[in-house]
Amino acid sequence: MTLNEQFVKAIEDLDEDKALELTDQLMQNGVNWMVILDLLQTGVKLVGNRYEEGEYFIADLIMSGIIFRSVIEHYGVIVPGILDISLSSDTPCMVMGTVEGDVHDIGKDIFISLLAAQGIRVIDLGTDTSPKVFADSIRTYAPKVVGMSGIMNFAVSSMKRTIDLICQEGLRDQIKIIVGGCCITAEMAENIGADAYSGDLLDGSALCKKWIFETEAD
């Protein structure tokens, strides 16, 4: 088994100590950070597969998120909670939150970590974020992108209410909106007025980066 495969297996097996030990070895071998991110996501996806098959439980999903964050902290990448003060106010900005009624934050936090690793300043609005807080954050921070996350089925309705309010208050043309979470599909995202749906952390973060830096160049 290669070092990369051992690392993915450590994530899948929820072995945090082993994952951190292998992170050191990968770093010593000069493995690129984006490769490590890809391996991390592969491991987390395998945990998700085992959850869907009934082998893992919610606590295991949470643990995979904890390990993900531990690895990126170990690597030295900025993590959620300090993002809005750790990067310069001149750094391109987006806001991100879990929508009203939903208190899950693992996917959101991982996504924010990936964005921070690419030099994007993220204002974390937290969980159970009301439409008004999203709208107010657009006025306060002037972000290029707004991200909305949700896991519960009702989160789609919360996303729609949020987008509707943003439109009503004349803020929609200023931003791109990306939504994600297991509660929503690409078709549903289009129906509620979002610009994009992200079912893949790396693809979603790459799209946000493209939007932000394209806008900066205009």
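**Notes on the sheet, a helix and two cysteines**

1. Let's start with C93: its relative accessible area is 5%, so it is buried. Keep in mind as you look around that this is a predicted model.

2. C208 is another one to click on. Its relative accessibility is 0%, so C208 counts as buried too. If you're hunting for disulfides, the structure holds zero of them. For background, a disulfide is a covalent bond joining the sulfur atoms of two cysteines.

3. Now the sheet. How are its strands ordered? Five strands make an open sheet in the order 2-1-3-4-5, and the pairing is parallel. At the edges sit strand 2 (121-124) and strand 5 (196-198), each of which pairs on one side only. On average, neighbouring strands of this sheet are turned by 25° against each other, ignoring direction. As a reminder, strands of a sheet pair through backbone hydrogen bonds, and that can be parallel or antiparallel.

4. Zoom in on one edge of the sheet. Strand 4 (residues 176-180) pairs with strand 5 in the parallel sense, over three bridges. Which residue in strand 5 is the bridge partner of V179? That's Y197.

5. Next, find helix 8, which spans residues 155-168. Helix 8 lies across strand 3 (145-149) and strand 4, and it runs at about 155° to strand 3.

6. One residue to pick out in helix 8 is S157. Is S157 buried or partly exposed? Its relative accessibility is 42%, and buried would mean under 20% and exposed over 50%, so S157 counts as partly exposed. S157 and V99 are 58 residues apart along the chain, with 9.4 Å between their C-alpha atoms.

Definitions and conventions:
Residues numbered from 1 in each chain as written. Predicted model: local features only at pLDDT ≥ 70, side-chain atom pairs only at ≥ 80, totals over all residues. Heavy atoms only, no water. Disulfide = S-S within 2.5 Å. Buried < 20%, exposed > 50% of the residue type's maximum accessible area, 1.4 Å probe, protein only. Helix = DSSP H or I, 4+ residues; strand = E, 2+ residues; numbered from the N terminus. Pairing = 2+ DSSP bridges. Axes fitted to C-alpha atoms, helices over the stretch in contact; angles between N-to-C directions. Contact = heavy atoms within 4.5 Å.
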